[in-house]
Amino acid sequence: MTRPGGTWENWGRTAKVRPRSVETPATVDAVQRAVQAAGARGTRLKAVGAGHSFTGIALAPGVLLDLSDLTGLVEVDTERLRVRLLAGTRLHRIPALLAPHGLAMPNLGDIDRQSISGAISTGTHGTGARFGGISTQVVGATLVTADAALLTVDETQNADLLPAVALGLGALGILVDVTLQCVPAFVLHAVEHPEPLDDVLANMLSRAAQADHFEFYWFPHTDVALTKTNTRLPESAVRLPLPRVGRWIDEAVLSNGLYRVACGLGAVAPFIVPPFSRLAVRLTGDREYTDVSTRVFTQSRTVRFREMEYALPVENVGAAFTEMRALISRRGWKISFPVEVRFAAADDLWLSTAHGRATAYIAVHRYWRENPTEYFEAVERIMLAHDGRPHWGKMHTLDAEALRTRYPRFDDFVALRDRLDPSRMFANHYLERVLGR
């Protein structure tokens, strides 16, 4: 992440800072001492996870609190299928912690490098019209507030605060542990298939409603959608995983190795992007397998990129996608990264992008060595026109004034922030922009 006196930079290379100091607490007590010391000095303090947000949400110009050592399983409630995890625990380590207890997280995104606290604080989500984002799995949390006190939030203590704390942007305090509602371990039957884009667009809402988990990718400059449909099966189901060599060729050689080369070349010679995209949809995205849920939900992504993602009322996704597709064609941009479309159920979390409405997500990406500004800002205008809400951990231009109109509980969240962090110990430039000072 960073060394004392060095520069911290996020994975997407979109945000960096040179903190005054770096601390790596391994216990809750150590977090409290760090907050108390920062408060006595009048210094701001921010906790960071794995650095997978593309915004400046984790930038810490004062004290950077690296939670990498605050990790592991605290307790398991096998009767209620709940687990309490320390805040710095990485998502990719959680399956091994849950497996001995026959448990799994109900849903995941396609990247598992984040910490659990970072994932819920930014609204990380997967896909599935009947499933919410990772924050909706939170049934309890403990955070250190600006006065270095511990605040427990669960169904019996401060229950009214859970819809705010479960997706708190790091603005309310330092999360030190999180309790998740799990489910019995399960298997996914995955079908990945290239299909005509127009057919997918015409039927995507019904397919999303009928499937457990449905999503698709579209490479600009093609007329093909790479669809993914995952069906949940009991843990006892027969597993037919991808052959090890075949998976290595698909993911390491093609989706990461060859793709990295193509993106690099496309950055200096954009004319190669359309033919490569057409080749990519012929070589990838056509396979069927059955495996443990976490191996199906997540992928290894080593090609660095920048991302913007907007959450739309599900009924608006078709029109927004069609306008975005026409925009790319009209402007003649050579876009090497695919557009991703996913789905989520409505929830009641105050700052959730799916608050109060069934939701579809459109995510756009650019290779990290290409300037995304023109593309992202033009797509953003389309998303806003269709009542979009930006993902908190991905690039966008909105401020508190614009966001307030998009979240019915926005002012309630700000009032809670005023109460828990009146001196703005946990603020930074990004939070001042999106929440106000």
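Helices α6 and α7 are roughly antiparallel to each other, because their angle of about 170° lies over the limit of 145 degrees for that class. The model in which this arrangement appears is predicted. A second topic of this briefing is an open sheet of five strands, on which helix α1 packs.

**The pair of helices α6 and α7**

- Helix α6 spans residues 244-268, and helix α7 spans residues 273-283.
- The axes of α6 and α7 lie 10 Å apart.
- On the side of α6, the contact is made by L254, L258, Y259, A262 and G266.
- On the side of α7, V273, F276 and L283 take part in the contact.
- Of the residues in this contact, seven are nonpolar and one is polar, while none is charged.

**The open sheet**

- The five strands follow the order β6-β7-β11-β9-β10, and their pairing is antiparallel.
- Strands β6 (73-77) and β10 (150-153) form the edges, as each of them pairs on one side only.
- On average, neighbouring strands of the sheet are turned by 10° against each other, with direction ignored.

**Strands β7 and β11**

- Strand β7 covers residues 82-86, and strand β11 covers residues 174-181.
- Five bridges join β7 and β11 in the antiparallel sense.
- V83 has L180 of β11 as its bridge partner.

**Helix α1 on the sheet**

- Helix α1, made of residues 28-41, packs on the sheet and touches β9 (138-144), β10 and β11.
- The direction of α1 makes about 140° with that of β11.

Key: Residues numbered from 1 in each chain as written. Predicted model: local features only at pLDDT ≥ 70, side-chain atom pairs only at ≥ 80, totals over all residues. Heavy atoms only, no water. Axes fitted to C-alpha atoms, helices over the stretch in contact; angles between N-to-C directions. Helix = DSSP H or I, 4+ residues; strand = E, 2+ residues; numbered from the N terminus. Parallel < 35°, antiparallel > 145°, perpendicular 65-115°, else oblique. Contact = heavy atoms within 4.5 Å. Nonpolar A, V, L, I, M, F, W, Y, C, P; charged D, E, K, R; others polar. Pairing = 2+ DSSP bridges.
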